[in-house]
Amino acid sequence: MKSSLLLSVFLRQCAETRTNFRSFSSVVLKRQVPCSPGPRGMQPRFASGGCSALMFRRHGEPSQVVELETLELPSVGANDVLVKMLAAPINPADINMVQGTYAILPELPAVGGNEGVAQVVEVGCQVTTLKPGDWVIPKDAGLGTWRTAAVVSENSLIQLPSDIPLLSAATLSVNPCTALRMLSDFQELQAGDTVIQNAANSGVGQAVIQIAAARGLTTINIVRDRPQFNQLSDRLKAMGASHVIKEEALRLPPMQELFKTCPKPKLALNGVGGKSATELLRHLEHGGTMVTYGGMSKRPVTIPVGALIFKDVKVRGFWVTKWKANHAHDEKPFIDMLDELCTLIRQGKLTAPVCNQVELGDHRRALEAAMEPYASAKQILVL
């Protein structure tokens, strides 16, 4: 397929997703919807006061364009829910949205953040699936989670068990979901099979290590060389990583020695792009699959001709936002996935990534830290 055709297909998919993208992060006050008392006996009321929110009114570097502002909360309509945000991470996609480089963008001005966990405070008189006290997470991107409170549609939220750790709940719907889907949907894997991944210390990478270990899979985890590499390697192995290897060693003889002790990978997970992705492809077994979910190097993926002709490898892409959009008509796959992840959390087999908890007022430092190379901790806004 020619590059122009690939670009056209990608742009069309982005346009379709943008059409379905609900810009809850935009600052729009809703009209109150009157209704009579329902079976829950609750009347909508105006939520007094306001909320604090991290907003951006133009695209640019997050530490320069994101400001802490006070917003008036809209009224709680018949099908609305008032929630108090508890914690929200700063993810790479959040940074890209603020910069204006992501595939989907909210209308400006907008509240930042796409992921997080909140607690229901009040529900409208026609809300049937949620009640005060419930923990909830956004169904889709665009909710604007970097705020202390919000009034949103019942249909934009999904309930989460409140018996899992707060940081696990706050970071559940993006990275662990991405990891689980990639391990489940692209290649038939059995206990003892091998998965190779780059960006192994990222949020997705840590989730891949833990979910794969729970399934009895061997993981080869590639990270860039850095200060304290040994400490990082020990930490990933404590999570369940089978092997931790420096990116620079991918073409060295020890890699061939490694494959004398474990099978060649059936699945490669690429969050970097560039040369790193090419090296992952070289190590796939015949008929294996490489799934790209990120491009942190901002370099294109180059596919060796021999890998396609002689090894019949498959090259795929994955975007969890698109997966959710494709399953918007039926919540069951999403709920089943969350149930599986929560079970792993309760069993102690899946933990949140290493986190640095910061207050909303300290957002500039958190945004700058989230963009640092070799970041070892995810920045979590505790609200």
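Author: Welcome! Two strands pair if DSSP finds at least two bridges between them. Keep in mind that this is a predicted model.

Reader: How do you know that strand E1 pairs with E4?

Author: Two bridges join E1, residues 50-56, to E4. Pairing asks for at least two bridges, so E1 and E4 count as paired. They run antiparallel.

Reader: Which residue of E4 is the bridge partner of Phe56?

Author: Phe56 has Ala110 as its bridge partner in E4.

Reader: What is the order of the three strands in this open sheet?

Author: The order is E2-E1-E4, with antiparallel pairing.

Reader: What makes strand E2 (66-72) and strand E4 (110-111) edge strands?

Author: Each of them pairs on one side only. Helix H13, residues 363-370, packs on this sheet and touches E1 and E2.

Reader: How are the strands of the six-stranded open sheet ordered?

Author: They follow the order E11-E10-E9-E12-E13-E14, and the pairing is parallel. Strand E11 (243-246) and strand E14 (314-317) are the edges. From one strand to the next, the twist averages 20 degrees.

Reader: How do you know that strand E10 and E11 pair?

Author: Four bridges link E10, residues 218-223, with E11 in the parallel sense. The cut-off is at least two, so this counts as a pair. Ile222, for instance, has Ile245 of E11 as its bridge partner.

Reader: What makes helix H5 a helix that packs on the sheet?

Author: H5, residues 175-185, touches strands E9, E12 and E13. Touching here means heavy atoms within 4.5 Å. Helix H9, residues 274-283, also packs on the sheet, and its direction makes about 175 degrees with that of E12.

Terms used:
Residues are numbered from 1 along each chain as its sequence is written. This is a predicted model: local features need pLDDT of at least 70, side-chain atom pairs count only at pLDDT 80 or more; totals for chains, interfaces and linings use all residues. Side-chain values use heavy atoms; hydrogens and water are left out. Axes are lines fitted to C-alpha atoms, for helices over the stretch in contact, and angles run from 0 to 180 degrees between N-to-C directions.
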